[in-house]
Structure formats: C-alpha cells, structure tokens
Amino acid sequence: MTQPATDLTHRLVSSPGGRIHLVEQGTGPLVLLVHGFPESWYSWRHQLPALAAAGYRAVAIDVRGYGRSSKPDATDAYRMLELVADNAAVVSALGERQAVIVGHDWGSAIAADSALIRPDVFRAVGLLSVPYAPRGGPRPSEIFAQLGGPGGEEFYVSYFQEPGRAEAEIEPDVRGWLAGFYAALSADTMPGPGAPDPHFVTGGGRLRDRFPTGPLPAWLGENDLDVYAGEFERTGMTGPLNRYRNMDRDWEDLAGYDGAALTQPSLFLGGGLDASTTWMADAIEAYPTTLPGLVSSHILDGCGHWLQQERPAETNRLLTDWLTSLPS
C-alpha cells in the first residue's frame with residue numbers, strides 16, 4: 001500500500017469546540033478535506049501529496065469527535081452548525097479567507113452545509129460518495145424508521161441512535177469491527193447479490209453479523225487498519241456516532257435552508273457499487289436544480305463506498321482537473 005508522504009505537517013488549531021487536528025501539505029489555494037464515518041484525516045493520505053504536487057495547500061482534518069480533535073461530552077455538540085463553525089475556524093486559523101471544501105461520506109454532507117451556510121468562506125465544494133440533497137421532507141428519524149427490512153430489520157442509522165448501543169457492539173473489538181465494516185462497503189469484498197444487506201440489523205442482532213469475514217479489501221493494508229483502529233481504540237466511538245444522533249436537530253436547525261440549492265462550483269464523485277449512490281439516484285438526477293454550479297460529475301464503475309482509497313489515482317485526477325477549472 002502507498003504510505004503517506006513524510007513531509008506532512010500536523011497542527012492543532014483553535015475551534016469553537018476546543019481544537020481541531022489537521023494535517024497539511026503543499027502551498028497554494030487552500031483545499032479543506034473532510035472525512036466521513038468511521039475514518040480520520042488518514043482517509044485522504046493519497047490526496048494530500050497529489051494536491052500538493054498540483055499546486056494546492058491541501059489540509060485534511062480530524063472532524064470533531066475523531067482522532068486528536070476535541071471531543072465534547074454533549075451529544076448536541078455534534079450538530080451540523082457546530083461542524084460548519086469548526087470548518088470556518090480552521091480556514092481562519094490557517095490565515096486564509098476562503099477555501100475549496102471537499103468531503104466524503106458524512107464529510108460530503110458537512111462540506112455541502114459548510115458551503116451552504118458560509119458561502120463567504122467556501123468558494124467551491126466537492127462531494128464524494130454521498131450526493132447533495134436539500135433539507136426537506138419529514139424528520140430524518142421518521143424516514144429511517146420506515147426503512148426497516150423484512151422481519152423487523154432495523155436500518156443502521158436507526159440502530160446508531162441510542163447512546164451506548166452501537167458502542168457496546170464496536171468497542172470490545174474495534175479493529176475487527178472496522179475491518180468488517182470497511183469490507184462490507186468495498187467493491188472487492190462486499191456481500192454479493194442476494195446476500196443479507198449489511199446496512200440492516202436483525203431483531204436482537206448486531207450490525208457486524210452481516211459483515212464479510214474474509215480478506216481485507218485491496219485498498220486496506222494491515223498497517224492502514226492499524227492506524228484507524230488505533231485512533232478509535234484510544235478515543236472510543238461516541239463522538240463519531242453522535243453525528244448520527246443529531247440528524248433531527250440538523251433538520252430543525254436548517255429549516256431556513258429548506259429546498260436550498262448549492263450554487264458554488266461543485267464536483268460529485270460516486271461509486272457505481274455504492275449504496276449511497278444507488279439509493280440516492282433521485283438526488284443525483286435533481287442536480288440541475290439543486291447543484292446549478294455543478295462542473296463535473298462522475299460515477300466510478302465497479303467502485304464501492306471508499307472511493308478516494310479504492311481508486312486514488314482516478315480520484316486524484318478528477319479532483320485536480322476540477323480544481324484547475326475553478327476561478328482563482
């Protein structure tokens with residue numbers, strides 16, 4: 001596996017929640033990289049050197065609750081408005097007025113809302129794996145409760161809602177749980193057609209009961225898994241899971257943005273085998289209305305959820321091509 005470059009700079013900067021840990025490389029226009037669940041700045045290890053080589057100041061953060069960033073105790077400290085404030089604070093702490101923001105998974109939603117709420121700071125937005133869908137409709141908890149499968153199966157987002165419940169499953173064996181979760185959503189190791197869907201939990205069961213138990217995905221070396229597991233074994237899972245526990249609060253907080261289009265120049269990259277892309281096909285079809293500034297949109301055939309790690313060279317090329325097209 002390709003290892004991160006040795007000339008990375010680690011820093012802690014002040015934020016509304018305490019501090020944000022970031023890793024940066026390169027000089028030039030600022031590109032802020034925001035990871036998803038359950039990851040860290042390390043998920044951008046392939047992009048940092050590529051963007052630096054292309055003439056950008058690439059900065060990957062540990063989102064609040066992850067890694068070396070602060071982990072407030074209160075559940076509502078992980079609402080979207082707080083994470084947007086963190087991102088704006090990072091830009092300011094780096095001595096910049098504006099940045100391009102790029103996010104993956106939950107980071108995609110965080111990036112989109114950062115651009116929506118603070119267009120003065122975030123001049124362009126890149127979305128990986130999770131499409132942009134404007135705020136609207138019923139409460140998210142009501143929607144996810146209706147997604148239960150046959151026999152009383154529970155959707156994983158609903159499973160994550162109760163404090164302590166998912167932690168009790170994950171924390172006794174963080175490394176094994178992460179390996180299974182990553183494999184379940186990777187193109188080369190995900191369950192085949194007709195297999196039980198790993199996004200659902202059976203009554204009285206665990207999410208990991210449906211995870212693959214074979215080899216690691218090709219993109220995930222043992223050392224890479226050690227990095228991820230080491231972080232979560234040290235910090236626990238509550239901070240990361242609290243993101244899911246604020247979806248109804250976000251729905252309330254962002255009521256003023258109901259149906260809002262994201263107008264900055266934008267990019268979308270999705271995996272052809274990723275449930276986030278296939279389930280939200282309607283959101284992608286709505287992009288002419290919801291993302292009127294869309295510059296580039298690509299579905300990577302045969303790719304799963306972790307696209308910047310599964311397909312680093314292709315992701316880097318598409319990212320840098322898009323960045324080059326942006327007004328300076």
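Is E314 buried, exposed or partly exposed? E314 turns out to be partly exposed, with a relative accessible area of 28%. Keep in mind that this is a predicted model, and every value here is computed from it.

E314 has a charged partner: R311 forms a salt bridge with it, and the closest N and O atoms are 3.1 Å apart. R311 counts as partly exposed too, at 23% relative accessibility. That puts R311 above the 20% under which a residue is called buried.

Now for the other salt bridges. The count for the model comes to 22, and here are three of them, including the pair we began with.

| Salt bridge | Closest N to O distance |
|---|---|
| R57 and E96 | 3.1 Å |
| R210 and E153 | 2.4 Å |
| R311 and E314 | 3.1 Å |

Take R57 and E96, joined by a salt bridge with its closest N and O atoms 3.1 Å apart. R57 sits in strand β4 (residues 57-61), while E96 lies in the loop between α2 (80-93) and β5 (99-104), so the bridge ties together parts that are 39 residues apart in sequence. R57 counts as buried at 13% relative accessibility, whereas E96, with a relative accessible area of 28%, is partly exposed.

The R210 and E153 side chains meet in a salt bridge at 2.4 Å, N to O. This one links distant parts of the chain, 57 residues apart: R210 is in the loop between β8 (200-201) and α8 (222-235), and E153 is in the loop between α4 (140-145) and β7 (154-155). Both R210 and E153 are buried.

Back to R311 and E314 for a moment, whose N and O atoms come to 3.1 Å at the closest. Elsewhere, salt bridges that share partners join R11, E24, R57 and E96 into one network.

Next, helix α3. How far apart are the end C-alpha atoms of α3? They are 16 Å apart, which agrees with the 16 Å that the 12 residues of this helix (residues 106-117) should span at 1.5 Å a residue.

As for its surroundings, 11 of the 12 residues of α3 are buried, so the helix is largely enclosed by the rest of the structure. Among the buried residues are W106, G107, I110, D113, L116 and I117. What covers the buried residues of α3? The cover includes β3 (30-34), α2, β5, β6 (122-128) and α10 (247-253). Two of these names came up earlier: the loop that holds E96 runs between α2 and β5.

Note on methods: Residues are numbered from 1 along each chain as its sequence is written. This is a predicted model: local features need pLDDT of at least 70, side-chain atom pairs count only at pLDDT 80 or more; totals for chains, interfaces and linings use all residues. Side-chain values use heavy atoms; hydrogens and water are left out. A salt bridge is a side-chain nitrogen of Lys or Arg within 4 Å of a carboxyl oxygen of Asp or Glu. Helices (H or I, at least four residues) and strands (E, at least two) are DSSP runs, numbered from the N terminus. Buried means under 20% relative accessible area, exposed over 50%, partly exposed in between (1.4 Å probe, protein chains only). The expected span of a helix is 1.5 Å times one less than its number of residues. Contact means heavy atoms within 4.5 Å.
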